[in-house]
Amino acid sequence: MKLWKVLALTLSMVVTNIVGISPAQAVEDGTINCGTSGTFTIVSNKVTTNTGCRGSLSIPEGVTEIANGAFNLLPDKSSYITSIIFPNSLTTIKESAFRAASSLTSIEFGTGIQSIVHWNFADSTALTSVTI
């Protein structure tokens with residue numbers, strides 16, 4: 001193994017042991033502002049709900065999951081999101097998290113995505129760009 005890889009791995013292990021968390025767990029619980037208006041809530045590295053997000057949506061690094069219906073709990077709850085950037089730490093988007101996002105034009109996925117459960121991005125008729 002190259003020396004720089006060994007040093008990087010060692011440093012990562014030391015930081016993890018000192019802080020007691022892995023880099024993917026470094027997001028704080030609370031509410032985050034959406035692009036134009038509204039907020040979304042993070043609890044234990046999971047986006048759980050939102051209050052009418054509008055505009056661009058940037059999920060912070062450290063979030064690992066978007067909960068069932070997080071942006072689709074009520075009619076039109078996700079219909080005003082225009083773009084989404086997901087972090088590399090995100091691995092799972094649960095059922096219907098972004099269903100009926102009819103104003104959504106672009107999505108950028110991070111490198112960690114492993115599972116996108118059904119009904120996500122259904123009815124996203126304005127979608128023109130997906131980056132993986």
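**Exercise 1. Charges over rings**

Over the face of which residue does Arg-99 lie, and at what distance from the ring centre? Then find the ring below the charged end of Arg-54.

*Solution.* The model is a predicted one.
Step 1. Start at Arg-99: this residue lies over the face of Trp-119, at 4.0 Å from the ring centre.
Step 2. Go on to Arg-54: its charged end sits over the ring of Tyr-80, and the distance from the centre of that ring is 3.9 Å.
Step 3. Apply the distance cut-off, which asks for the CZ atom of Arg within 6 Å of the ring centre. The value for Arg-99 is 4.0 Å, and the value for Arg-54 is 3.9 Å.

**Exercise 2. Confidence and overall make-up**

State how far the predictor trusts the chain, and list its elements.

*Solution.*
Step 1. Take the mean: the chain averages a pLDDT of 80, and 76% of the residues score at least 70.
Step 2. Look for the extremes. Confidence is lowest in helix H1 (residues 3–19), with a mean of 34, and highest in strand E5 (residues 65–66), with 98.
Step 3. Inspect the start of the chain. Residues 1–24 have a pLDDT below 50, and beyond near neighbours in sequence this stretch has ten contacts in the model.
Step 4. Count the elements: the chain has one helix and ten strands. Read from the N terminus, the order is α-β-β-β-β-β-β-β-β-β-β.
Step 5. Add the burial: 34% of the 132 residues count as buried.
Step 6. Add the contacts. Among those with a separation of 6 or more, 35% come from residues 24 or more positions apart.

**Exercise 3. The order of the sheet**

Which strands form the open sheet, and which are its edge strands?

*Solution.*
Step 1. Write down the order: six strands form the open sheet as E1-E2-E3-E5-E7-E9, with mixed pairing.
Step 2. Find the edges. Strand E1 (30–33) and strand E9 (115–116) each pair on one side only, so they are the edge strands.
Step 3. Follow the pairing from E1. E1 and E2 pair in the antiparallel sense over four bridges, and Asn-33 has Thr-39 in E2 as its bridge partner.
Step 4. Examine the hairpin of E1 and E2. Five residues lie between the strands, and Gly-38 takes a positive phi near 90° in this hairpin.
Step 5. Continue to the next pair. Strand E2 (residues 39–43) and strand E3 (residues 46–50) run antiparallel and are joined by four bridges. Val-43 stands opposite Lys-46 in E3.

**Exercise 4. A buried polar side chain**

Which backbone nitrogens does the side chain of Asn-50 reach?

*Solution.*
Step 1. Place the residue: Asn-50 belongs to strand E3.
Step 2. Check its burial. Asn-50 has a relative accessible area of 3%, and so counts as buried, the cut-off being under 20%.
Step 3. List the partners. A polar atom of the Asn-50 side chain lies 2.8 Å from the backbone nitrogen of Gly-52. The same side chain reaches the backbone nitrogen of Cys-53 at 2.9 Å.

**Exercise 5. Aromatic rings**

How many aromatic pairs are there, and how is the pair of Phe-86 and Phe-98 classed?

*Solution.*
Step 1. Centres must lie within 6.5 Å for rings to pair. The count comes to six aromatic pairs.
Step 2. Classify one of them. Phe-86 and Phe-98 have their centres 5.7 Å apart and their planes at 70°. Planes over 60 degrees apart count as edge-to-face, so this pair is edge-to-face.
Step 3. Locate the two rings. Phe-86 is in the loop between strand E6 (81–85) and strand E7 (92–93), and Phe-98 is in the loop between E7 and strand E8 (106–108). The two are twelve residues apart, and the pair links distant parts of the chain.
Step 4. Check burial: Phe-86 is buried at a relative accessible area of 4%, and Phe-98 is buried at 0%.
Step 5. Widen the view. One aromatic cluster is formed by Phe-40, Phe-71, Phe-86, Phe-98, Phe-109 and Phe-121.

**Exercise 6. Positive phi outside glycine**

Where are Ala-100 and Asp-123 found, and what is the phi of each?

*Solution.*
Step 1. Ala-100 is in the loop between E7 and E8. Its phi is positive, about 65°, although the residue is not a glycine.
Step 2. Asp-123 is in the loop between E9 and strand E10 (129–131). Its phi is also positive, near 70°.
Step 3. Compare with the burial classes: Ala-100 is partly exposed at 29% relative accessibility, and Asp-123 is partly exposed with a relative accessible area of 48%.

Technical notes. Residues numbered from 1 in each chain as written. Heavy atoms only, no water. Phe/Tyr/Trp six-rings, centres within 6.5 Å; stacked < 30°, edge-to-face > 60°. Buried < 20%, exposed > 50% of the residue type's maximum accessible area, 1.4 Å probe, protein only. Lys NZ or Arg CZ within 6 Å of the ring centre and 35° of its normal. Pairing = 2+ DSSP bridges. Polar contact = N/O pair within 3.5 Å; in protein donor to acceptor, adjacent residues only side chain to side chain. pLDDT = per-residue confidence, 0-100. Contact = heavy atoms within 4.5 Å.
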